[in-house]
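Student: Could we go through this model together and ask, for each label, what earns it?

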Amino acid sequence: MKSSIRSSSRGARRSAAAVAVSAVLALTATACGDDGSGSSGDKGAEGSGKGEITFWDNNGGVRTDIWKEIIADFEKANPDIDVKYVPIAATEYQSKVDTSIQAKGLPDVGGVGAAMLAGFAAQNALEPLDDRLGKSSLNGKLNEDMVKSLKAAGGGGADDSTLYSVPTSANNGVLYYRTDLFKSAGLDAPTTWDKFYEAADKLTDKDKNAFGYTIRGGAGSIAQALDAMYGQSGITSFWDSGNEKTTVNDPKNVAALEKYTGLFKKVTPAADLNNDFTKMVAQWDSGTIGMLNHNLGSYQDHVKALGAEKFRGIPQPVGPGGKRVQVSNPVDGLGIFKTSKNKDAAWKFIEFATAKAQNSKFNESAGQVPSNTDAAKDAWVSEAEPTKLAAEALTDGSTTIVQLPYYLPDWNTISKTDNEPAFQKVLNGSLSEKEFLDTLADQLNEAQTEWNEQKG
């Protein structure tokens with residue numbers, strides 16, 4: 001079994017390596033006289049600052065209503081600019097952009113979050129935004145940590161100075177739990193991992209279709225599994241002291257994953273095997289499931305479905321020594337694609353969307369932390385308990401964040417394409433947790449070695 005899994009992994013890595021090869025070829029073309037702007041050599045144009053621009057939403061459907069509202073406000077304030085809105089599901093966005101880079105069919109502006117930023121930047125598809133931001137009214141108004149996070153995610157690590165995406169919001173892992181069900185069962189809030197597992201077991205009654213927890217087995221499963229692993233193990237760094245070997249397959253993380261995946265079908269619905277976040281959230285909102293791990297983004301969905309009095313959203317449980325450890329959630333943002341023929345209008349749209357009023361409106365709808373520091377002071381931030389608690393947990397010293405390597409061009413390929421199906425095999429019992437994590441570690445170590453060599 002192990003050899004076939006690793007062979008499959010190597011195949012996936014070879015596909016991911018093609019991205020790096022594209023970047024090298026682009027640099028070679030520059031040396032030979034091509035300007036190297038994007039895979040097609042098209043560096044775009046500033047444009048007139050008027051006319052039509054196309055915007056690709058990287059979380060289409062989930063955020064469509066609020067983006068349409070912001071676009072309507074923008075077009076009212078800028079009557080000489082029309083925005084063509086294209087909603088793309090989060091699970092399809094990266095492949096859509098990657099394909100469009102090669103096909104020369106990119107939009108003017110699009111969602112560019114930290115998790116996919118390095119891959120796009122490696123293909124030279126994004127416009128540097130430092131100079132634009134420096135001359136903008138936004139300068140000094142954006143959360144510094146979010147800006148630093150997106151700069152680091154661009155492929156250069158912590159020392160990189162290039163900004164390819166303007167932050168719109170930060171997310172954070174949240175444990176949502178049904179306060180009504182906990183009260184009826186006489187359970188304490190799941191503030192520790194021990195209390196979490198106790199509640200998951202006690203709230204499960206399969207004869208009544210009641211379950212203690214819903215686990216994410218479909219798209220996006222790896223980040224949630226990593227959060228549960230590091231939260232329980234207490235390991236506080238993704239890499240060893242030499243920054244060469246990942247800690248994902250540390251024995252403590254293996255044991256933590258074994259305990260976590262042991263929940264599947266014991267205290268969770270069997271349908272969880274294929275559930276992405278939309279199905280998982282809908283299932284939790286409509287049923288009698290005790291707990292759900294997601295992020296701030298689904299808070300408003302729960303309010304609409306359950307009412308604020310039937311649930312709470314709290315930071316992840318604390319682990320060894322009373323310390324909370326979480327993996328980083330990617331900062332989301334907006335970027336300009338280098339091939340845009342109307343970069344001036346695209347930048348006007350980004351400026352508008354991340355200014356105080358619209359950034360506050362967007363994040364109140366999404367239930368996330370605003371990037372605009374003035375928007376972050378608005379009353380709703382402290383009134384939405386999960387957002388308030390998340391912000392406090394990140395600033396009061398109680399939480400250590402394990403930074404995921406978004407800067408690796410292969411990160412999204414490794415964490416999604418090959419390993420989401422492998423994680424389902426773990427849940428089904430056809431692949432051991434150790435085997436899964438050893439394969440994941442091999443892929444990550446190889447990608448880190450390549451990145452270190454390129455940086456060296």
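Tutor: Gladly; what follows is a set of questions about labels and the values behind them.

Student: What should I keep in mind about the numbers?

Tutor: This is a predicted model, in which local features need pLDDT of at least 70, side-chain atom pairs count only at pLDDT 80 or more, and totals for chains, interfaces and linings use all residues. Residues are numbered from 1 along each chain as its sequence is written, and side-chain values use heavy atoms, with hydrogens and water left out.

Student: Why is Lys 208 called exposed?

Tutor: Its relative accessibility is 66%, so Lys 208 counts as exposed. The label follows from the cut-offs: buried means under 20% relative accessible area, exposed over 50%, and partly exposed in between (1.4 Å probe, protein chains only). Lys 208 sits in the loop between helix 8 (193–202) and strand 6 (211–214). Helices (H or I, at least four residues) and strands (E, at least two) are DSSP runs, numbered from the N terminus. From C-alpha to C-alpha, Lys 208 is 9.1 Å in space from Thr 288, with their positions 80 residues apart in sequence.

Student: What makes Ala 199 buried or exposed?

Tutor: Ala 199 has a relative accessibility of 1%, so it counts as buried. Its place is in helix 8. Gly 186 is 13 residues from Ala 199 in sequence and 9.7 Å from it in space, C-alpha to C-alpha.

Student: And how do you know which label Gly 110 gets?

Tutor: At 0% relative accessibility, Gly 110 counts as buried. Gly 110 belongs to strand 3. Its C-alpha lies 9.4 Å from that of Ser 165, and the two are 55 residues apart in sequence.

Student: Why is helix 4 described as largely enclosed by the rest of the structure?

Tutor: Because 9 of the 9 residues of helix 4 (residues 114–122) are buried. Among them are Met 116, Leu 117 and Phe 120. After helix 4 comes Asn 124.

Student: What is the phi of Asn 124?

Tutor: It is positive, near 60°, in a residue other than glycine. As background, most residues other than glycine have a negative phi. Asn 124 lies in the loop between helix 4 and helix 5 (130–134), and its 24% relative accessibility makes it partly exposed. Lys 104 also has a positive phi, of about 60°, although it is not a glycine. Lys 104 is found in the loop between helix 3 (90–103) and strand 3 (109–111). With 63% relative accessibility, Lys 104 counts as exposed.

Student: How do you know whether helix 2 is roughly parallel or roughly antiparallel to helix 14?

Tutor: Start with the angle: the axes of helix 2 (residues 64–77) and helix 14 (residues 356–366) come within 10 Å and cross at roughly 165°. That makes helix 2 roughly antiparallel to helix 14. Axes are lines fitted to C-alpha atoms, for helices over the stretch in contact, and angles run from 0 to 180 degrees between N-to-C directions. Angles under 35 degrees count as roughly parallel, over 145 as roughly antiparallel, 65 to 115 as roughly perpendicular and the rest as oblique.

Student: What do the same cut-offs give for helix 11 and helix 12?

Tutor: The axes of helix 11 (residues 277–286) and helix 12 (residues 299–306) come within 9 Å, crossing at roughly 30°. Helix 11 is therefore roughly parallel to helix 12. Their crossing is right-handed, meaning that the near helix is turned clockwise from the far one by less than a right angle (anticlockwise would be left-handed).

Student: What makes up the lining of the second largest pocket?

Tutor: Its residues divide into 21 nonpolar, 19 polar and 2 charged. Here Ala, Val, Leu, Ile, Met, Phe, Trp, Tyr, Cys and Pro count as nonpolar, Asp, Glu, Lys and Arg as charged, and the others, Gly among them, as polar. Helix 6 gives the largest share of that lining, 6 residues. A pocket is an open set of points on a 1 Å grid over the protein atoms alone, where a 1.4 Å probe fits, with protein on both sides within 12 Å along at least five of seven lines; lining residues have an atom within 4 Å of a point.
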